[in-house]
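Here is a short briefing on one protein chain. Look at the structure first, then work through the points.

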Amino acid sequence: MNVAVRLPGRIGPRTLLITTTTAAAVPLTGWALHAIALHKRLAATQKDPLTGLLRRDAYTARARRLLSRHGDNTAVVMVDADHFKAVNDTLGHAAGDAVLAAFGFRLAAWAGPRAAAGRLGGDEFAVVLELATDRRAQRLEQLVRMLHTPVVLDDGRTVAVAASVGAAAPDVLGTRDLSALQRAADAALYDGKHSGRAVVATAAHATTPSINGRRAGRPGTTAWGRAA
């Protein structure tokens, strides 16, 4: 089929005669495939290759959007793997990587696809998700149970694992600021360190001094780059 397109000016329709054949679809298909490939490459740069969770910048951007949109129906959850150095020292770094990968999978499964789940560095993770007040305690208990389930390695060995969990909620602390909520959740986490239970931050936790949105004095805070 031939289509004549007339543009303003003296250019005649014969000059702009366009033949619409199946060949015309080829470059469009090529561009579509290119766009899909580009999108996949961009998405890959936003994720931690070991755990599949978001890298810090991507996590921070999505977390702030969730807090802005959903406000009091959200929670900020901080997670530290317990005794992780001992896993590396006794079983090797491959086993440590397997534990981190398992934690990443469990956090993503627990939080769901609409949440912001990120690896902040080492064995430290964060999640921001929609979480109604009346389900908060139950869901946090579920997370603790998931993170305390042993990890089975490829060679059949079983690794006992545990994690400390702290949470902060805008409706409790009266703020949607990500850094303030992370600081409070981090302080709550350390109040319950190695206790096997999740601790929800109170107003007292919000006054804890911080560096880059994390509890001052925790390992690695002075070396962090952009504030979350």
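Helices and strands are DSSP runs, numbered from the N terminus. Contact means heavy atoms within 4.5 Å. Angles run from 0 to 180 degrees between N-to-C directions. The model is predicted.

**Helices on the sheet**
- Helix 7 (residues 178–191) lies across strand 3, strand 5, strand 8 and strand 9. Its angle to strand 3 is about 45 degrees.

**The sheet**
- Five strands make up an open sheet with mixed pairing. Their order is 4-5-3-8-9.
- Strand 4 (116–121) and strand 9 are the edges. Each has a single partner strand, so one side of each has no neighbour in the sheet.
- On average, neighbouring strands of this sheet are turned by 20 degrees against each other, direction ignored.
- Six bridges join strand 3 and strand 8 in the antiparallel sense. V79 has V165, in strand 8, as its bridge partner.
- Helix 2 (residues 56–70) also packs on the sheet, where it touches strand 3, strand 4 and strand 5. The direction of helix 2 makes about 140 degrees with that of strand 4.

**Helix 5**
- Helix 5 (residues 136–147) has twelve residues. It reaches 17 Å from first C-alpha to last, close to the expected 16 Å.
- Which residues of helix 5 are buried? They are R136, R139, L140, L143, V144 and L147.
- These residues cover an arc of only 145 degrees around the axis, so they sit on the same side of helix 5.
- The face turned away from that buried side carries the exposed residues A137, Q138 and R145.
- The buried residues pack against several elements, including strand 3 (74–81), helix 4 (93–111) and strand 5 (124–130).

Technical notes. Residues numbered from 1 in each chain as written. Predicted model: local features only at pLDDT ≥ 70, side-chain atom pairs only at ≥ 80, totals over all residues. Heavy atoms only, no water. Helix = DSSP H or I, 4+ residues; strand = E, 2+ residues; numbered from the N terminus. Expected span 1.5 Å × (residues − 1). Buried < 20%, exposed > 50% of the residue type's maximum accessible area, 1.4 Å probe, protein only. Arc of directions from axis to C-beta. Pairing = 2+ DSSP bridges.
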